[in-house]
Amino acid sequence: MSVAKSASLILEEFLKLPETKPASIYIDGEIIQKPMPKTRHSRLQAKFAPNWTIEILSPDQSSNRVTSNILHCLKYGCQLGWLIDPDDRSVLVFKSHQQPEFCHREDRLPVLDGIDLELTVEQVFGWLKMNA
C-alpha cells in the first residue's frame, strides 16, 4: 500500500479527483491507494452486504493501517467492521464503543440488525475455495 501525502487535502477536493486504479481512499487528509484485490479477495467482497465495513487483509498490507481504516469508519457512523485475515482464517469484529471480538472456526459472525444472515467464520472461508 502506498501513501500519497499532500498538504492536508480536504474531502471535497478528494471527491473531485478522477478515479484511480487501484482505488484510493481518503483518511484524515491523506490519499491511500488500496492494493489490487486478488481473486479470492474479490469473491469474498462480492458476498457481503455494503452496510458495514469489511477489510480483507492482503499479505502486503499493514494490519495496523487496515485496522485504522475500520476505526475511522466506526468513528463516523459505521456500526460494524470485520477484519478478515486469510492467513490464520480468523475475523476480528469491531462494533461501536465495544472491544474487538476474535472469531474463528465455527464462531458465528455478527451482522447488522435487520439483515437476515447467519454465517460462521468457516463458511466465509469456504467462499475462498476456487471451483475448478
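Two strands pair if DSSP finds at least two bridges between them. With that in hand, the strands of this predicted model can be looked at in turn.

Start with the overall layout. The chain holds four helices and nine strands, and read from the N terminus the elements go β-α-β-β-α-β-α-β-β-β-β-β-α. Of its 132 residues, 36% count as buried. The accessible surface adds up to about 8,700 Å², with carbon and sulfur atoms owning 50% of that. As for who touches whom, take the contacts in the chain with a separation of 6 or more: 44% of them are between residues 24 or more positions apart.

Now for strand E4, which spans residues 53–56 and is covered on both faces. Thr53 and Glu55 sit on one side, Ile54 and Ile56 sit on the other, and all of these are buried. E4 is joined by four bridges to strand E5 (residues 80–85), and the two run parallel. Across this pairing, Ile54 stands opposite Trp82 of E5. To get from E4 to E5, the chain passes through helix H3 (residues 63–75), making a β-α-β crossover that is right-handed.

Trp82 turns up again in the nonpolar interior. The largest nonpolar core has 16 residues, and the ones touching the most other members are Trp82, Ile84, Val91, Val93 and Leu109. Elements giving two or more residues to this core are E4, E5, E6 and helix H4 (121–126). There is also a second, separate core of seven residues, with Leu57, Val66, Leu74 and Cys78 among them. Grouping of this kind fits a broader pattern: in soluble globular proteins, nonpolar side chains tend to be buried together.

Strand E6 (residues 90–95) also contains a polar residue worth a look, Ser90. Is Ser90 buried or exposed? Its relative accessibility is just 5%, so Ser90 counts as buried, the cut-off for that being under 20%. The side chain of Ser90 has a partner, too: a polar contact of 2.5 Å links it to the side chain of Asp88. Beyond the neighbours within four places in sequence, Ser90 is in contact with Leu83, Ile84 and Asp85, with Phe102, Cys103 and His104, and with Val121 and Phe125. One of these contacts, Ile84, has already appeared above as a member of the largest nonpolar core.

Technical notes
Residues numbered from 1 in each chain as written. Predicted model: local features only at pLDDT ≥ 70, side-chain atom pairs only at ≥ 80, totals over all residues. Heavy atoms only, no water. Buried < 20%, exposed > 50% of the residue type's maximum accessible area, 1.4 Å probe, protein only. Right-handed = clockwise from strand over helix to strand, strands pointing away. Polar contact = N/O pair within 3.5 Å; in protein donor to acceptor, adjacent residues only side chain to side chain. Contact = heavy atoms within 4.5 Å. Areas by Shrake-Rupley, 256 points an atom, 1.4 Å probe, with all protein chains shown as cover. Core = buried A, V, L, I, M, F, W, Y, C linked by side-chain atoms within 4.5 Å.
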